[in-house]
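Thanks for sending this one over. Here are my notes, to be read with the structure open beside them.

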Amino acid sequence: MRPLDEAETTAVFEKLYKFTGNNLKNIVENPSHEGPDPNPGRYCFRLHKNKVYYVSESLVKRATNIARANLVSLGVCIGKFTHSSKFHLTIQALSLVSANARHKVWLKPTSEMSFLYGNHVLKGGLGRITDTIAPGDGVVVFSMSDVPLGFGVAAKSTQDCRKLDPNGIVVLHQADIGEYLRMEDEL
């Protein structure tokens, strides 16, 4: 387990910024109250086996006693680097991203299962949408009861969504909580 280098940090922050915007500073400056230390520490990003973890500094200090080969996971895995050095967010980052999301979309109850099965969000299944969404922006998808379901990329702007027919694609599916549940079943 090691700290991210400059290029890796840039890739991770660019991807997180796509979904959180200026709220990225809330993720970076979040105080950690874990561990025996009376003073709150900070959370940091660590790389282990091409996976990026969001973990408290006190937990990183205690994990140095464990051999790298024996360390499976530490903190929250927020993404991984591909063989071509591109960073992909994983669904485990949903709790972190949804709390600081800049652009949000709420789905009607009838289209929640369609999204969880991997389909894109159609205009007919859209419950609410935040203003100032541009095409290509990162979007967090919620149910109408504010439960985060997943994230994706906006296909249309907010103004274009109002003029769109009910079968038009609004959000392109990237990841959903169903993927996480399917991963747990395989383990």
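The points below go from the domain layout to the domain interface and then to a run of paired strands.

1. A reminder before anything else: this is a predicted model. The domain assignment splits the protein chain into domain 1, residues 2-93, and domain 2, residues 103-182. Their C-alpha centres are 27 Å apart.

2. How many residues of each domain are in contact across the interface? Six from domain 1 meet 14 from domain 2. Together, the two domains bury about 740 Å² between them, and carbon and sulfur atoms account for 73% of that area.

3. Have a look at Lys18, Phe19 and Ile91 when you turn to the domain 1 side. These residues provide 81% of the area that domain 1 buries against domain 2, more than any other three residues. By class, the residues on this side of domain 1 comprise three nonpolar, two polar and one charged.

4. What does the rule find in the way of salt bridges and polar contacts here? Between domain 1 and domain 2 there are zero salt bridges. For polar contacts, the count is one residue pair, with both residues at pLDDT 80 or more.

5. Now to the strands. Strand 4 (residues 51-56) runs antiparallel to strand 5 (residues 76-81), and four bridges join them. Within this pairing you will find Tyr53 opposite Cys77 of strand 5.

6. Strand 5 also pairs with strand 6 (residues 87-89), again in the antiparallel sense, over three bridges. Here Lys80 has His88 of strand 6 as its bridge partner.

7. Lastly, the turn is worth a click. Strand 5 and strand 6 make a hairpin, with five residues between them. Ser85, which sits in that turn, has a positive phi of about 65°.

Conventions
Residues are numbered from 1 along each chain as its sequence is written. This is a predicted model: local features need pLDDT of at least 70, side-chain atom pairs count only at pLDDT 80 or more; totals for chains, interfaces and linings use all residues. Side-chain values use heavy atoms; hydrogens and water are left out. Domain bounds come from an automatic or database domain assignment. Contact means heavy atoms within 4.5 Å. Buried area is the accessible area (1.4 Å probe) that two parts lose on being put together, summed over both. A salt bridge is a side-chain nitrogen of Lys or Arg within 4 Å of a carboxyl oxygen of Asp or Glu. A polar contact is a pair of N or O atoms within 3.5 Å; within protein, one must be able to donate a hydrogen and the other to accept it, and residues adjacent in sequence count only if both atoms are side-chain atoms. Ala, Val, Leu, Ile, Met, Phe, Trp, Tyr, Cys and Pro count as nonpolar, Asp, Glu, Lys and Arg as charged, and the others, Gly among them, as polar. Two strands pair if DSSP finds at least two bridges between them. Helices (H or I, at least four residues) and strands (E, at least two) are DSSP runs, numbered from the N terminus.
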